[in-house]
Amino acid sequence: MSTPQVPGPPHPGDWRMRGAPLPEPSGDVPGAVTEPLPPGQHDNGRPDGLAGGLGWMSLALGAAATATPERVAHLIGLPDERETRGVIRAVGFREIASGAGILARKPPTGWLWARLAGDVMDLALIGSAFRRDDVDTRRLTTAAGAVAGIAALDALVAQAMRREAAPVEAPVEVIVFHAVTINRPAAELYGFWRDLGNLPRFMRHLHSVAVLDERRSRWRAKAPAGMKVTWEAEITEDVPNERIAWRSRPGSRIHNHGSVEFVPAPGGRGTEVRVHLAYEPPAGRVGRLMAKLSGENPDWQVRDDLRRFKQLMETGEIPVSESSFTHGGPARPPKRRRWFRRRPSTY
Amino acid sequence: MKAICWHGKQRVTVDEVPDPVILNEQDAIVRVTSTAICGSDLHLFNGFIPTMKRGDILGHEFMGEVVEVGRGVRKLKIGDRVVVPFPIACGRCLNCERELYSLCENSNPNAWMAEELMGFSPAGIFGYSHMLGGYAGGQAQYARVPFADVGPIRVPDHIPDEQALFLSDILPTGYMAAEACEIRPGDVVAVWGCGPVGLFAIRCAYLLGAERVIAIDRFPYRLRWAREHGGAETLNYEECDVHETLKDMTGGRGPDACIDAVGMEGHAPGLTGAYDRIKQALMLETDRPIALRQAIFACRSGGIVSVPGVYGGFLDKFPFGAVMNRSITIKSGQTHVHRYLRPLLDRIERNELDPSFVVSHQMRLEDAPLAYEMFAHKQDEMIKVVLKPH
């Protein structure tokens, strides 16, 4: 059961709120109030000029890709195949369309976002090309770097133009709720969870949790593109065998707060574990979109983490199949060498 | 090692693949001595089960010798001769505690895929699509078996492979199908499909006290097997109106229980058959529930329809009005194999049951592509083929 992106915490009568309510967002979480940007930050012509440049770049790239796809393929390190050429040509047409759109419309914000979406798509395509073994990895890496740089530029310009066009929205808080029933007593589950260092064993995106003292802990998590993020959290509520609530400490780069409840399930069916998580995606909407595209959707993350928690607590291990190691490949034993490199982190 | 791999619709090949390794502490590696092609493998072969990937190792009926165990394995020892149940079960979740092993809540690492299609996920299954776990199958020289203390059962040395192998799937499947019929003295049971599961269902129905069993198929050799090995009366659905004939044979009541051992790729002569074939080809329905429709229609009011046949997705023209208005009970499910291993092995040891009668062919593992062809096209009167990997 999940709650897709409701802005603000669930209301008190909500069925999800049986038990205790979510902690209120801490004071350091910005964005409870919508603040219009101070006026006078526009009309310096820069984003427009830059936007125009990006438009022309799209046109030029598009022309090259549609006219000579085989050269583009060579440039970015892909083998010259019919399929590759087709994809590159399609990308080219898309570029021409967004270039023309940017140059024709004022303000071209929408088309800039389209460009950014295109960049993300290109990154995904390049990413998938890495799986093949007939590509020039060095060229491909350079291409990925270039696209990432352009994406950043697109995002900056689009963001700047949006700020001109509209008042800044409140940062969107993502709220996730999931529950799982685990065939173990509440005390055991609480005990395992309360020892925060255990969490990375089933929370796949976590690298480590270091307990600093009774309340404070430092969390390190994997972020998209091989980056790591660190933040400090504190426990705001701790009812043994029943409930733990936490929030990120003031000044953290990641803002989140949440709770986990352990409620005995009816008829001796074990324990219902209910997790609420509210968090602000870094980099706002763009960050959320990127996270979603790279499979880092927080809703799925919580769901899958809870599933692994259940597996670990009930069976003592997190079962994996051959396909867990081939990342979308066939169900057959991995080669030993690759297997070690690609081992799922939770094992 | 050599393994039978799926490479698309009606394409299986013998591939050289890496040997399996222990991936979880409770795993064991089994050196496969016998493996079989299941009728449900033909649904994979014919491309009707979603989330298959090129290169997947097939096979969920296998047995062999334990050659390696993980650190967390307590009971199983290297050298043990075991049969492996096709569903993978953890033994500790609520469904496993209730002996609903094929509904294990923990054994499918790709549970989210199954949830998309079916709401919740059943257990993982060896070599049966990524939605059901993405586990490498047992039509290979070696296989990795998760939760090795829960699934595999030791087989005494004096019982040959051919008698023990089918404990992995089809014998318990036929048994569970018959058990679901809640047979009472005097009951008539009709069985659609005279493949191995159908044959075992016939045998088990008699074992559980059925008065008469009527078997339905269209291949004369299969009907002959049902008569000779199962002791069933037989109907060829291409030669008679099944519904009318069953009615006539049961004094106008209809069979007390009907077993659909056909599943998603049913055939029918004439218009109905053509209708379902076209709809399935156009992807307007995923399954051709021809046998199931017939079984529901034929079943006596208040009777039971038991469905061991495999269905994959969404059925069309499903006669639920008949089910509701005539109080018909439908029972189905992937077999909870673990539940039946001990009692059925005991029956085999006591010579009450010799499952090896279904074996019509024995081939080398390397011949599997040919075996799939023959089995799919019912050539050479194939009923069941056992493959020898070593």
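This passage goes through model confidence, the contact between chains A and B, and strand pairing in chain B.

The structure is a predicted model, so confidence is a sensible place to start. For chain A, the mean pLDDT comes out at 77, and 73% of the residues reach at least 70. Broken down by element, the top mean in chain A belongs to helix α6 (residues 186–194), at 98, while α10(A) sits at the bottom with 52. Two stretches of chain A drop further down the scale. Residues 1–47 of chain A stay under 50 throughout, yet the model still gives them 64 contacts beyond four places in sequence. The other stretch is residues 340–347 of chain A, again with pLDDT below 50, and here the model has 13 contacts beyond near neighbours in sequence.

Turning to the interface, 25 residues of chain A are in contact with 33 residues of chain B. On the chain A side, the elements that supply two or more residues are α8 (298–315), α9 (323–326) and α10 (336–342). The biggest giver among them is α8(A), with 5 residues. As for chemistry, the chain A side splits into 7 nonpolar, 9 polar and 9 charged residues. It's worth keeping in mind that α10(A), one of these contributors, is also the element of chain A with the lowest mean pLDDT.

Over in chain B, one open sheet is built from 3 strands in the order β2-β1-β4, with antiparallel pairing. β2 (12–16) and β4 (56–57) of chain B are the edge strands; each has a single partner strand, so one side of each has no neighbour in the sheet. Strand β1 (residues 2–6) of chain B is tied to β4(B) by 2 bridges, in the antiparallel sense, and W6(B) sits opposite D56(B) in β4(B). A helix also comes into play: α13 (residues 368–376) of chain B packs on this sheet and touches both β1 and β2 of chain B. The direction of α13(B) makes about 165 degrees with that of β2(B).

Further strand pairing in chain B involves β6 (residues 81–84). Strand β5 (residues 61–69) of chain B runs antiparallel to β6(B), and 4 bridges join the two. Within this pairing, F62(B) has V84(B) of β6(B) as its bridge partner. β6(B) also pairs with strand β10 (residues 153–154) of chain B, again in the antiparallel sense, this time over 2 bridges. There, V82(B) stands opposite R154(B) of β10(B). β6(B) therefore has pairings with both β5(B) and β10(B).

Technical notes:
Residues are numbered from 1 along each chain as its sequence is written. Chains are lettered from A and ligands numbered from 1 in the order in which they are written. This is a predicted model: local features need pLDDT of at least 70, side-chain atom pairs count only at pLDDT 80 or more; totals for chains, interfaces and linings use all residues. Two residues are in contact if their C-beta atoms, placed from the backbone, lie within 7 Å. Ala, Val, Leu, Ile, Met, Phe, Trp, Tyr, Cys and Pro count as nonpolar, Asp, Glu, Lys and Arg as charged, and the others, Gly among them, as polar. pLDDT is the predictor's confidence in each residue, from 0 to 100. Axes are lines fitted to C-alpha atoms, for helices over the stretch in contact, and angles run from 0 to 180 degrees between N-to-C directions.
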